[in-house]
Amino acid sequence: MAQRANIRQLEDTNYMKPGDTWFLISTPWFNQWKCYVMYDNPTSFPDEEEELGTCRPGPISNSYLLEEDGNLKPFATETYDYDLVSEVMWKTLQSWYSGGPEIPRPVIETAGMYGQIFHVEVRPLELFIVKSSDTTQYIHCFFSRIDTAGHLKRTMCAAMGLDSDNVRVWDHLQQQWLKVLTDHQTLASGHIVNNQLVMLEERNPDGSWPRDSFSS
């Protein structure tokens, strides 16, 4: 079947590369499509006019994967609720069946046990940002693991009315002052983890850093 051959070729020739965009697609819908075109039985060659084993799927339905605010549901699981397909595969399937909504995600490169690995960042880091002058208030935000600490600092200083030249970023996991992140360091290389606290330390009027007094 032409659809099966087309998608199989796209699957065999499109590999993850950093900077690419991949898409989530409903696993139940994708499995129905695979049955329709006999995707897992490549030796069969049904005639285009022949009735296949299952009915032609309707429009792609990804809506059940998302919360009302558009975020991915917290318990949505790969291969059970969704599969990941390349951008060209998504656009091809959507051109045939319509539907959606689109759920694009970036391909990122992070350090693994045996070297760099490429993977789809399905869920960005969910972080809580506080400033040292008022630790009772925090801002809930999302950043990619490959965003730099400098990007986080500039973004959050703008949101919190701070001068980024007089702020440094601390890994504040479990409210412990663990380490300062350099501007060029990625959140992944700084071992920032999901749902953790990140502290913006504000410089004193005399130019010193409040935390330095604890180590002197």
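In which sense do E1 and E5 pair, and over how many bridges? Let's start there, everyone. The two strands pair in the antiparallel sense, and 3 bridges hold that pairing. One example from it: Thr21 has Pro106 in E5 as its bridge partner. Before I go on, please keep in mind that this is a predicted model.

Now let's widen the view to the sheet around that pair. There are 4 strands in an open sheet, and the order to follow on your screen is E3-E1-E5-E6, with antiparallel pairing. At the edges stand strand E3, residues 82–86, and strand E6, residues 115–120; each has a single partner strand, so one side of each is left without a neighbour in the sheet. On average, neighbouring strands here are turned by 40° against each other, if we ignore direction. As a reminder for anyone new to this, strands of a sheet pair through backbone hydrogen bonds, either parallel or antiparallel.

Let's move along to E5, which covers residues 104–112. Strand E5 runs antiparallel to E6, and 6 bridges join them. If you want to find the register by eye, look for Ala111, which stands opposite Gln116 in E6. You can also look for Thr110, whose bridge partner in E6 is Ile117.

Next, the helix that goes with this sheet. Helix H2, residues 27–37, lies across E3 and strand E1, residues 21–26, and runs at about 80° to E1. What does H2 pack against at an angle of about 75°? The partner is helix H3, residues 87–97, and the two axes are 13 Å apart. That makes H2 roughly perpendicular to H3. On the H2 side, the contact is made by Trp29, Phe30, Trp33 and Tyr36, and on the H3 side by Met89, Leu93, Trp96 and Tyr97.

Two names from that contact deserve a closer look. Phe30 and Trp33 are 3 residues apart in helix H2, about one turn of the helix. Are they buried or exposed? Phe30 is buried, with a relative accessible area of 4%, and Trp33 is buried as well, at 0% relative accessibility. Trp33 also forms an aromatic pair with Tyr39; this one is tilted, at 5.4 Å centre to centre and 50° between the planes. Tyr39 is buried, just as Trp33 is.

Taken together, Phe30, Trp33 and Tyr39 form one aromatic cluster. The count for the model comes to 6 aromatic pairs. One of them is Phe30 with Trp33, a stacked pair at 5.9 Å centre to centre with 10° between the planes. There is a charge here too: the charged end of Arg8 sits over the ring of Tyr39, 4.2 Å from the ring centre.

Last stop: strand E9, residues 167–171. Why do we call strand E9 largely enclosed by the rest of the structure? Because 5 of its 5 residues are buried. Both faces are covered: Val167, Val169 and Asp171 are buried on one side, and Arg168 and Trp170 on the other.

And which strands does E9 pair with? With strand E11, residues 197–202, E9 pairs in the antiparallel sense over 5 bridges; there, Val167 stands opposite Glu202. With strand E10, residues 179–181, E9 also runs antiparallel, and 3 bridges join the two. In that pairing, Trp170 stands opposite Val180.

That's my tour, so thank you for listening!

Conventions:
Residues numbered from 1 in each chain as written. Predicted model: local features only at pLDDT ≥ 70, side-chain atom pairs only at ≥ 80, totals over all residues. Heavy atoms only, no water. Pairing = 2+ DSSP bridges. Axes fitted to C-alpha atoms, helices over the stretch in contact; angles between N-to-C directions. Contact = heavy atoms within 4.5 Å. Phe/Tyr/Trp six-rings, centres within 6.5 Å; stacked < 30°, edge-to-face > 60°. Buried < 20%, exposed > 50% of the residue type's maximum accessible area, 1.4 Å probe, protein only. Lys NZ or Arg CZ within 6 Å of the ring centre and 35° of its normal. Parallel < 35°, antiparallel > 145°, perpendicular 65-115°, else oblique.
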